[in-house]
Amino acid sequence: MGEEEVSNKQIILKDYVHGFPKESDLLLKTSSTIKLKLPDDSHDAVLVKNLYLSCDPYMRNRMREADGNYTTPFTPGSPISGYGVSRVVDSSHRSFSKGDLIWGITGWEEYSLITDTSSLFKIQDADLPLSYYTGLLGMPGMTAYAGFYEVCSPKKGETVFVSAASGAVGQLVGQFAKLMGCYVVGSAGSKDKVDLLINKFGFDAAFNYKEEEDLNAALKRYFPDGIDIYFENVGGKMLDAVLLNMRLRGRIAVCGMISQYNLEEHEGVRNLFCLVIKRIRMEGFVAFDYYHLYPKFLELVLPHIRDGKLTYVEDIAQGLESGPATLVGLFSGRNVGKQVVAVARE
């Protein structure tokens, strides 16, 4: 045989999580090993070395038992998985060759054997930072693109509000809106993040929601004539305040509701009748329903990245062992920008 077998550190979910996740809910396992060659009977599979792993809010929902979510729960005692950037070590799939760089769903471990290759994309533009494929050029980028352009059908001159605006998705929605010629305001949870929205991403205005006693009044201050488009990332009290401030025939793209993910009992929304009065269209969506548009998305964003019109801020933690603290930190807003774990350098 003579196949090389190497150590394969992994991040394991101990058990299903109730309330806020803690670092201790995840475990670094150092005793696993893996052969750097696919089993002889494998078909359409790839063995990869993981380079970057993406920390995303939806992963919180995978830490609880199945409750009708659009993603399957993690298995306690097994490695967690998520979006990542990897290099192919061995392949039995005709679309992927040894040495290829790919992004898609992979394990939170040093090496992964991927048998479901349906979510994998080959990276063609490797001149850009590879970590971008966990964010700007990966699932969050597609989320921002699909939610803003496809769900909201924006028009020049419209007013746009983005919650959790400094995160992986929000920072892009704001920039897409500015490229369209819209007026854009974002909310975030710290002064540094608010400064980033205005000075780095070019939002017209931004506010720290934690310093606003009355969110309805805050929105009236920034949108005296109302909101045409709301890109929803947080839910709860913010959604309630936004509904009061939407304009006639406004659109709300529901991307996520991070304020609700750690609650055992979700908060209700009181102002839904505004949907009727103002003829608002409110639509939930998930990025993978739009992956067929990925080439069109790249056509739009790659030139803007290369000429400096689109910028992206990442928060990169070093080493797989930093994974538990980094992922958990996402839910208390510890990160600034897109949260990534760097597992290995090239």
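**Parallel sheet and aromatic pairs**

Six strands, in the order β12-β11-β10-β13-β14-β15, make an open sheet with parallel pairing. (Strands are DSSP E runs of at least two residues and helices are H or I runs of at least four, numbered from the N terminus; two strands pair if DSSP finds at least two bridges between them.) This is a predicted model, where local features need pLDDT of at least 70 and side-chain atom pairs pLDDT 80 or more, while totals for chains, interfaces and linings use all residues. Residues are numbered from 1 along each chain as its sequence is written, and side-chain values use heavy atoms, leaving out hydrogens and water.

**The sheet**
- β12 (205-208) and β15 (281-284) sit at the edges with a single partner strand each, so one side of each has no neighbour in the sheet.
- From one strand to the next, the twist averages 15° (axes are lines fitted to C-alpha atoms, with angles from 0 to 180 degrees between N-to-C directions).
- β10 (residues 159-162) and β13 (residues 227-232) pair in the parallel sense over 3 bridges, and Phe161 stands opposite Tyr230 in β13.

**Aromatic pairs**
- The whole structure holds 20 aromatic pairs (Phe, Tyr or Trp rings, using the six-membered ring of Trp, with centres within 6.5 Å; planes under 30 degrees apart are stacked, over 60 edge-to-face, the rest tilted).
- Tyr132 and Tyr312 pair edge-to-face, 5.9 Å centre to centre with 75° between the planes.
- Tyr132 is in the β9–α1 loop and Tyr312 in the α7–β16 loop, so their pair ties together parts 180 residues apart in sequence.
- Both Tyr132 and Tyr312 are buried (under 20% relative accessible area with a 1.4 Å probe, protein chains only).
- Tyr145 and Tyr149 form a tilted pair, 5.3 Å centre to centre and 50° between the planes; both lie in helix α1, 4 residues apart.

Notes
Buried means under 20% relative accessible area, exposed over 50%, partly exposed in between (1.4 Å probe, protein chains only).
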